[in-house]
Structures are given as structure tokens and as C-alpha cells.
Amino acid sequence: MSAVARPDETPTPAGSYRVARVVGDLVLTAGMTPRGVDGALLATGRLGEAVSDAEGGRMAALATERALDAAVSALPPGRILDEVVSLTVFVAATSDYTTHSRIADAASTTIIERMPGSALPVRAAVGVASLPGGAPVEVQLTALHRQSPAGAPAQ
């Protein structure tokens with residue numbers, strides 16, 4: 001199943017890069033942090049310190065939504081996302097924080113909700129000391145795209 005387009009939700013780059021790029025049958029995204037429509041971070045801080053697991057999960061879900069929106073925005077006409085094949089969730093955390101996978105599960109759940117019936121991607125949850133702007137999480141993904149079925153709405 002394909003990801004559904006969300007009008008006016010295309011992330012804008014915060015620097016000199018593209019938010020997503022199509023290479024063959026793949027769509028690769030830049031790292032996405034949890035930002036609102038105005039581009040402002042919705043949370044800052046590290047897990048195990050200023051950010052709770054619940055808040056970290058919500059921020060990972062939002063960052064994943066932004067990554068999926070970025071992937072959809074890069075597709076040529078007549079193409080749709082088919083499935084996410086790889087997901088990397090960076091978690092800004094204290095040195096003694098150990099539940100990175102719990103935060104990454106929120107990203108996986110977002111993919112399941114946006115793309116029902118698709119296979120789960122392979123995934124890495126990576127703990128880091130800091131992320132751009134002080135974000136608590138950053139999500140990057142790689143997806144497959146395919147021709148849109150006849151009569152299906154464009155993404």
C-alpha cells in the first residue's frame with residue numbers, strides 16, 4: 001500500500017540540500033526533525049534528561065511524517081510510494097539512556113499507519129549526543145516507489 005499525500009505538508013530544507021531525492025526505484029530522504037508548519041522545532045533536549053519517552057515517541061512520529069511527506073514530494077508525476085525499506089532513527093540521549101528502540105517504535109508505527117499492509121522496514125535506532133537545533137530525534141528513510149495504479153489519486 002502507498003503513503004497518502006498530505007497537501008501543504010512538504011518540508012523545506014534548513015540548509016543547502018534536498019529534502020528527498022529519487023534515484024532509480026528508490027526515494028531517499030534527508031534527516032527530518034520534529035518541526036511545525038512554520039519550520040520551528042516542536043521540542044528540544046535529550047532523552048533521559050529534558051525529554052520523556054512519551055514526548056520522544058511523539059516527536060519521532062512527527063519526524064517520520066515529515067520524512068514520508070518529503071519522499072512523496074520528490075516523486076515524479078504518476079508515481080507513488082510503495083513501501084519504506086529502511087528507517088534510521090537518531091535519538092539525542094544521555095550516555096546512560098538505553099531505550100532508543102522504544103522511541104524508534106513510534107517511527108515504525110507511523111509508517112504502519114500511513115502505509116497499511118506494507119512490510120516493515122529494516123531499522124536502526126542510533127543514540128547520539130546532539131542533533132541539529134537541539135532536536136531530540138531525527139528520522140531518515142529510504143523507500144521504493146512505483147507506477148500509480150490506473151484511476152488512483154496522485155500523491
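Here are some worked exercises on a predicted model, each with a task and a step-by-step solution.

**Exercise 1. How two helices pack**

Task: Find how H1 and H2 are oriented towards each other, and which residues meet where they pack.

Solution:
- Step 1. Start with the geometry: the axes of H1 and H2 are 8 Å apart, and the helices pack at an angle of about 40°.
- Step 2. Angles under 35 degrees would count as roughly parallel, and 65 to 115 as roughly perpendicular. H1 and H2 are therefore oblique to each other.
- Step 3. Next comes the handedness: H1 passes H2 in a right-handed crossing.
- Step 4. Now look at the residues that meet. From H1 they include Gly56, Gly57, Ala60, Ala61 and Leu68. From H2 they include Ile103, Ala106, Ala107 and Ile111. Asp69 of H1 and Arg114 of H2 are also among them, and the next exercise takes up this pair.

**Exercise 2. A salt bridge between the helices**

Task: Which residue forms a salt bridge with Asp69, and are the two partners buried or exposed?

Solution:
- Step 1. The partner is Arg114, and the closest N and O atoms are 3.0 Å apart.
- Step 2. Place the pair on the chain. Asp69 lies in helix H1 (residues 53-74) and Arg114 in helix H2 (residues 100-114), so the salt bridge ties together parts that are 45 residues apart in sequence.
- Step 3. Check the accessibility, remembering that buried means under 20%. Asp69 has a relative accessible area of 5%, so Asp69 is buried. Arg114 has 9%, so Arg114 is buried too.
- Step 4. Look for further partners. The side chains of Arg114 and Glu65 are joined by a polar contact of 2.4 Å. Glu65, Asp69 and Arg114 are linked in a network of salt bridges.

**Exercise 3. More salt bridges**

Task: How many salt bridges does a search of the whole structure find? Then describe the one that Asp82 forms and the one in which Arg123 and Asp105 meet.

Solution:
- Step 1. The search finds 7 salt bridges.
- Step 2. Asp82 pairs with Arg146, with the closest N and O atoms 2.8 Å apart. Asp82 lies in strand S3 (residues 79-92) and Arg146 in strand S5, so this pair ties together parts that are 64 residues apart in sequence. Arg146 counts as partly exposed, at 27% relative accessibility.
- Step 3. Arg123 and Asp105 meet through their side chains at 2.8 Å, N to O. This pair links strand S4 (residues 122-128), where Arg123 lies, to helix H2, which holds Asp105; the two residues are 18 apart.
- Step 4. Compare the values with the cut-offs: partly exposed lies between 20% and 50%. Arg123, at 31%, is partly exposed, and Asp105, at 40%, is partly exposed as well.

**Exercise 4. Two strand residues**

Task: Describe the surroundings of Val27 and of Gln140.

Solution:
- Step 1. Val27 has its place in strand S2. With a relative accessible area of 0%, Val27 is buried.
- Step 2. Leaving out residues up to four places away in sequence, the residues that Val27 touches include Val22, Ala71, Leu75, Leu81 and Leu141. Ala143 is also one of them. Val27 and Ala143 are 116 residues apart in sequence, yet their C-alpha atoms are 5.1 Å apart in space.
- Step 3. Turn to Gln140, in strand S5 (residues 137-147). Gln140 counts as buried, at 18% relative accessibility.
- Step 4. With the same sequence neighbours left out, Gln140 touches Thr29, Ala30, Gly31, Ser86, Leu87 and Thr88. The side chain of Gln140 reaches the backbone oxygen of Thr29 at 3.2 Å.

**Exercise 5. Two loop glycines**

Task: Where are Gly24 and Gly134 found, and how exposed is each?

Solution:
- Step 1. Gly24 is in the loop between strand S1 (20-23) and strand S2 (26-29). At 56% relative accessibility, Gly24 counts as exposed. The C-alpha atoms of Gly24 and His145 are separated by 9.0 Å, although the residues are 121 apart along the chain.
- Step 2. Gly134 is in the loop between S4 and S5. With a relative accessible area of 31%, Gly134 is partly exposed.
- Step 3. Leaving aside neighbours within four places in sequence, Gly134 is in contact with Ala43, Thr44 and Gly45. From Gly134 to Arg46 is 7.9 Å, C-alpha to C-alpha, with their positions 88 residues apart in sequence.

Terms used
Residues numbered from 1 in each chain as written. Predicted model: local features only at pLDDT ≥ 70, side-chain atom pairs only at ≥ 80, totals over all residues. Heavy atoms only, no water. Helix = DSSP H or I, 4+ residues; strand = E, 2+ residues; numbered from the N terminus. Buried < 20%, exposed > 50% of the residue type's maximum accessible area, 1.4 Å probe, protein only. Polar contact = N/O pair within 3.5 Å; in protein donor to acceptor, adjacent residues only side chain to side chain. Contact = heavy atoms within 4.5 Å. Salt bridge = Lys/Arg side-chain N within 4 Å of Asp/Glu carboxyl O. Axes fitted to C-alpha atoms, helices over the stretch in contact; angles between N-to-C directions. Parallel < 35°, antiparallel > 145°, perpendicular 65-115°, else oblique. Left-handed = near helix turned anticlockwise from the far one by under 90°.
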